[in-house]
Amino acid sequence: ATRALHNNANDISPLQIFVRAKKKINDIFVEIEDYVSETTRFVEGDVPISGDIIDKAETEQFKSYVLKVSGIREVLSRDHMKVAFFGRTSNGKSSVINAMLRDKILPSGIGHTTNCFCQVEGIDGQEAYLVKEGSDEKLNVTSIKQLANALCQEKLCESSLVRIFWPRERCSLLRDDVVFVDSPGVDVSPNLDDWIDNHCLNADVFVLVLNSESTMTLAEKSFFHEVSTRLSKPNIFILNNRWDASASEPEFQESVKAQHQERCTDFLIKELKVSTPKEAEERVFFVSARETLQARLKEQEGLPAIQGALAEGFQNRYFEFQDFERKFEECISQSAVRTKFAQHSSRGKSIANEMRQMLDGIYERANVMHNQKLDQKKKLTDRIANTEQQLMLVTREMKMKIHNMVEEVEQKVAKALNE
Ligand code: GDP
């Protein structure tokens, strides 16, 4: 039942824009690779006379294209959509990621503060494992508790990275090539430069997870100010998490919401200047990550989602979370296609262009050589024809002479006989 659910979600997922574009661009590079290899075999001397027309430098150049194209294919195969989560400790970053992945993958809760960066990415196969920065060792992840301990006990540098490889087939977002990055809280005196250099420059989307029970802090704001000076127009979503708490004070709910909404949109529009007012409306959400995760786990057990509810108003928060996911998927997919594939396609184009120019040159030279040979042949044929003609003339003359001579002799003989 779970798989059917995933398949259904997958059929309509905007992430498919990226998945299909990746497949398509890969197919094109496979074609270019075939073409480059064939051409290289040709210039390397498949054709007997090629050595006369193609020089060594050109052959080397073609060989370099083979490497370039396979290099691009290699990078392409590793291209994915990356989303990074930021916010203060305990705002619910890990819970949001777990809710999106529909499983308790990252440890969350008291005592489980992740003090380094955690990246969750998909792998083929059934076994989950983790790899710490600077090591190749695949550590088994059999339980979430063990993972939590591994992450907490280790004295890991706050800007180092732990990669968690999770079976793709357990989650449609991982299957569609989304990679999640959880960060240590922005309140833990971050080394912003390192953070941004190591984990943010290739992120397609940033999610700021706020606690809707308090207001955005200076630390949270500063981080995004720094990000937006380094990246042009980063895509930022803001989740006002723990919105289930607002249910206990229904009389203030609307006014609190309006206040948060205004602060968040002002932050995106006026402070960071990364969104237009219209875009900003689609970037701010009021959700409950813990509740969404619980509801999804219930659904997977075949129970109604509402059984995961934490408070009144579950349905609205649940829809809002799904709405966030939808907008997020559209945004990350389009942004990743633009930033990652635009580069590959322009490199592919320039390789194809350079090759065409070189092949044009070779063709041109081959043509010149062909014409020269034709010319030589023509001269030769002309000479032969000339000789033949002369020969003919000479023969005809000789024939005439002989004929005349014979006649003369005959006449002379006849005359002599008469006499
Ligand atoms: P992180 O440090 O930002 O990754 O925060 P966690 O995801 O670890 O969450 C910290 C605590 O808040 C955990 O005990 C979560 O269960 C709880 N929590 C997270 N999201 C929500 C929410 O939306 N509502 C409520 N009531 N609790 C939440």
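Colleague: Leaving aside neighbours within four places in sequence, which residues is S333 in contact with?

Modeller: In this predicted model, S333 touches P14, L15, I17, F18 and M81, once its neighbours within four places in sequence are set aside.

Colleague: Where is the place of S333?

Modeller: S333 sits in helix α13, which covers residues 314-418.

Colleague: Is S333 buried or exposed?

Modeller: S333 is buried, because its relative accessible area is 0% and the cut-off for buried is under 20%.

Colleague: Turning to the ligand, how many residues surround it, and which are the closest?

Modeller: The ligand is surrounded by 17 residues, and the closest are S90, S94, S95, R242 and D244.

Colleague: What lies 2.7 Å from a nitrogen atom of the ligand?

Modeller: That is an N or O atom in the side chain of D244. Oxygen atoms of the ligand have partners as well: a backbone N or O atom of S90 lies 2.7 Å from one oxygen atom, and a polar side-chain atom of S95 lies 2.6 Å from an oxygen atom.

Colleague: How much of the ligand does the protein bury?

Modeller: The protein buries 87% of the 580 Å² that the ligand exposes when taken alone.

Colleague: Which elements give two or more residues to the shell around the ligand?

Modeller: They are α5 (93-101) and α12 (289-300). Of the elements, α5 gives the most, with 3 residues.

Colleague: Back to S90, then. Where is its place, and what is its phi?

Modeller: S90 is in the loop between β1 and α5. Its phi is near 75 degrees, a positive value in a residue other than glycine. Most residues other than glycine have a negative phi.

Colleague: Is S90 buried or exposed?

Modeller: S90 counts as exposed, because its relative accessible area is 53% and the cut-off for exposed is over 50%. That area counts only the protein chains as cover.

Colleague: Which residue with a positive phi follows α10?

Modeller: K273 follows α10, and its phi is near 55 degrees. K273 lies in the loop between α10 and α11, and it counts as exposed at 60% relative accessibility.

Colleague: What about α10 itself: which of its residues are buried?

Modeller: H260, Q261, C264, T265, F267 and L268 are buried in α10. The buried residues of α10 pack against β7, α9, β8, α11 (277-281) and β9 (284-286). From first C-alpha to last, the 22 residues of α10 reach 30 Å, close to the 32 Å expected at 1.5 Å a residue.

Colleague: And α9, how does its span agree with what is expected?

Modeller: Helix α9 has 13 residues (218-230), which should span 18 Å at 1.5 Å a residue; the end C-alpha atoms are 19 Å apart, so the two agree.

Colleague: Which residues of α9 are buried, and which are exposed on the other side?

Modeller: The buried ones are E220, F223, F224, V227 and S228. They lie on the same side of α9, because they cover an arc of only 130 degrees around the axis. L218 and T229 are exposed on the other side. The buried residues of α9 pack against β1 (81-86), α8 (192-200), β7 (205-211), β8 (236-241) and α10 (250-271).

Colleague: One last helix: what caps the N-terminal end of α4?

Modeller: D55 caps that end, with a side-chain oxygen 3.2 Å from the backbone nitrogen of A57. Within α4, the buried residues are E58, T59, F62, Y65, V69, I72 and L76.

Definitions and conventions
Residues are numbered from 1 along each chain as its sequence is written. This is a predicted model: local features need pLDDT of at least 70, side-chain atom pairs count only at pLDDT 80 or more; totals for chains, interfaces and linings use all residues. Side-chain values use heavy atoms; hydrogens and water are left out. Helices (H or I, at least four residues) and strands (E, at least two) are DSSP runs, numbered from the N terminus. The expected span of a helix is 1.5 Å times one less than its number of residues. Buried means under 20% relative accessible area, exposed over 50%, partly exposed in between (1.4 Å probe, protein chains only). The arc is that of the directions from the helix axis to the C-beta atoms. Contact means heavy atoms within 4.5 Å. A residue is near a molecule or strand if one of its heavy atoms lies within 4 Å of it. A polar contact is a pair of N or O atoms within 3.5 Å; within protein, one must be able to donate a hydrogen and the other to accept it, and residues adjacent in sequence count only if both atoms are side-chain atoms. Accessible areas come from the Shrake-Rupley method with a 1.4 Å probe; for residues, only the protein chains shown count as cover.
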